[in-house]
Amino acid sequence: MTIPTITFNDGYKMPMFGLGTYMSKSGEVREAVKYAIEIGYRHFDTAAFYENEREIGNAIREKIDDGSVTREDIFITTKLWCNSHKENEVVPACKESLRNLGFDYVDLYLIHWPFAFKSGDKFTPKDASGKVEFQDTDYLETWRGMEECKRQNLARSIGISNFNSEQIDRLMLSANIKPVNNQIEVSLNLNQKHLIEVCKKYGITVTGFSPLGRPENSRINNLWDRPEIKVLCEKYKKTPANIACRFIFQMDVTPIPKSVTKSRIKENLDIFDFSLSDKEVKIIEGMETNTRVALLADAKEAKYYPF
Ligand SMILES: NC(=O)c1ccc[n+]([C@@H]2O[C@H](COP(=O)([O-])OP(=O)(O)OC[C@H]3O[C@@H](n4cnc5c(N)ncnc54)[C@H](OP(=O)(O)O)[C@@H]3O)[C@@H](O)[C@H]2O)c1
């Protein structure tokens with residue numbers, strides 16, 4: 001099966017469905033990525049913070065080496081972590097991710113969050129009392145480092161993640177190279193209609209993370225059991241995960257559900273042979289609870305915390 005693509009404002013294309021890998025553990029993620037490639041996934045989402053770039057790179061290379069795919073067939077996103085936000089730290093951080101992945105470019109490099117932690121080796125630096133140590137580095141400075149990654153062809157495209165609309169407005173005023181993508185939480189609980197519109201206005205595509213609302217989180221999972229969703233599952237012979245990802249896709253947003261379970265990796269991709277009606281979309285929109293799973297609450301005190 002061929003996954004539809006979306007074209008960035010810099011001309012590169014991104015497959016509009018990907019495999020998330022946050023918390024995909026060592027020993028699991030390699031098989032998950034290889035299986036995903038075998039059944040048609042071409043887009044993989046990782047981050048320095050996930051500490052699994054090396055295993056994901058190895059898995060992709062195995063599928064390149066056995067002739068299943070070429071590097072050009074695969075779209076890899078990785079992300080700059082908050083401890084490397086100073087302009088001169090960005091290129092070295094990107095090179096470190098490339099070394100881990102074992103490739104000479106990534107397709108998309110994102111600023112993972114708009115705020116900064118204290119620079120250094122620790123992902124989450126903490127003081128003696130256990131409080132996270134922040135730094136006020138402006139994301140406009142970080143963006144200049146991201147632009148340098150694109151200039152040096154370390155990243156084909158560059159973008160942002162977890163930026164709110166004011167932060168996007170401000171970035172657009174100073175960027176020499178426009179971001180191509182904002183990766184934000186989008187789910188049945190949080191449909192992000194307004195922020196998606198803001199991104200569209202600027203020609204920024206949107207990737208939807210936690211599209212399943214991390215169903216192990218029981219508070220969120222409740223929506224999947226609601227009669228409105230059950231009716232749609234029966235009508236289309238699909239699962240709640242399919243309804244959620246299809247709803248997201250119909251907003252021109254790229255869902256990246258995470259799974260390391262083969263049956264779910266296969267199930268989740270099964271969204272390209274049906275379409276929700278406008279009326280059904282409205283019903284789903286009406287179920288929104290405005291709750292997030294990705295708050296990074298430890299960072300609430302940080303300058304530039306987005307929520
Ligand atoms: N930019 C950011 O700040 C940010 C933040 C969060 C996430 N992300 C990205 O977005 C990806 C997806 O988000 P997420 O991992 O937070 O949450 P998610 O994809 O909404 O949910 C993942 C969870 O759902 C389970 N699952 C997968 N398919 C299922 C199905 N069909 N039925 C029932 N359960 C299912 C998975 O379990 P198994 O793996 O055990 O199958 C896993 O526990 C991440 O992996 C990451 O790549 C980015």
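At what angle do the axes of helix 2 and helix 3 cross, and within what distance do they come? The model examined here is predicted. In this model, the axes of helix 2 (residues 53-65) and helix 3 (residues 87-101) cross at roughly 50 degrees. They come within 7 Å. The crossing therefore makes helix 2 oblique to helix 3. Helix 2 contributes E53, R54, G57 and R61 to the contact. Helix 3 meets these residues with S97, N100 and L101. By class, the contact of helix 2 with helix 3 holds 3 charged, 3 polar and 1 nonpolar residues.

The loop between strand 5 (75-80) and helix 3 contains N83. Is N83 buried or exposed? N83 has a relative accessible area of 5%. Because the cut-off for buried is under 20%, N83 counts as buried. The side chain of N83 reaches the backbone oxygen of G120 at 3.0 Å. Contacts of N83 beyond four places in sequence include E89. The others are F117, K118, S119, G120, D121, K122 and F123.

Helix 8 (residues 227-236) was examined next. Which residues of helix 8 are buried? They are I229, L232, C233 and Y236. These residues cover an arc of only 100 degrees around the axis, so they lie on the same side of helix 8. An α-helix has 3.6 residues a turn, so residues three or four places apart point the same way. The buried residues of helix 8 pack against two helices: helix 9 (240-249) and helix 11 (278-286). On the other side of helix 8, the exposed residues are P227, V231, E234 and K235. K237 follows helix 8 and has a positive phi, near 55 degrees.

E228 also lies in helix 8. How is E228 classed by its relative accessible area? At 28%, E228 is partly exposed, because this class falls between the cut-offs of 20% and 50%. Not counting residues up to four places away in sequence, E228 touches I283 and M287. The C-alpha atoms of E228 and E280 are separated by 8.9 Å. Along the chain, E228 and E280 are 52 residues apart.

Key: Residues numbered from 1 in each chain as written. Predicted model: local features only at pLDDT ≥ 70, side-chain atom pairs only at ≥ 80, totals over all residues. Heavy atoms only, no water. Axes fitted to C-alpha atoms, helices over the stretch in contact; angles between N-to-C directions. Helix = DSSP H or I, 4+ residues; strand = E, 2+ residues; numbered from the N terminus. Parallel < 35°, antiparallel > 145°, perpendicular 65-115°, else oblique. Contact = heavy atoms within 4.5 Å. Nonpolar A, V, L, I, M, F, W, Y, C, P; charged D, E, K, R; others polar. Buried < 20%, exposed > 50% of the residue type's maximum accessible area, 1.4 Å probe, protein only. Arc of directions from axis to C-beta. Polar contact = N/O pair within 3.5 Å; in protein donor to acceptor, adjacent residues only side chain to side chain.
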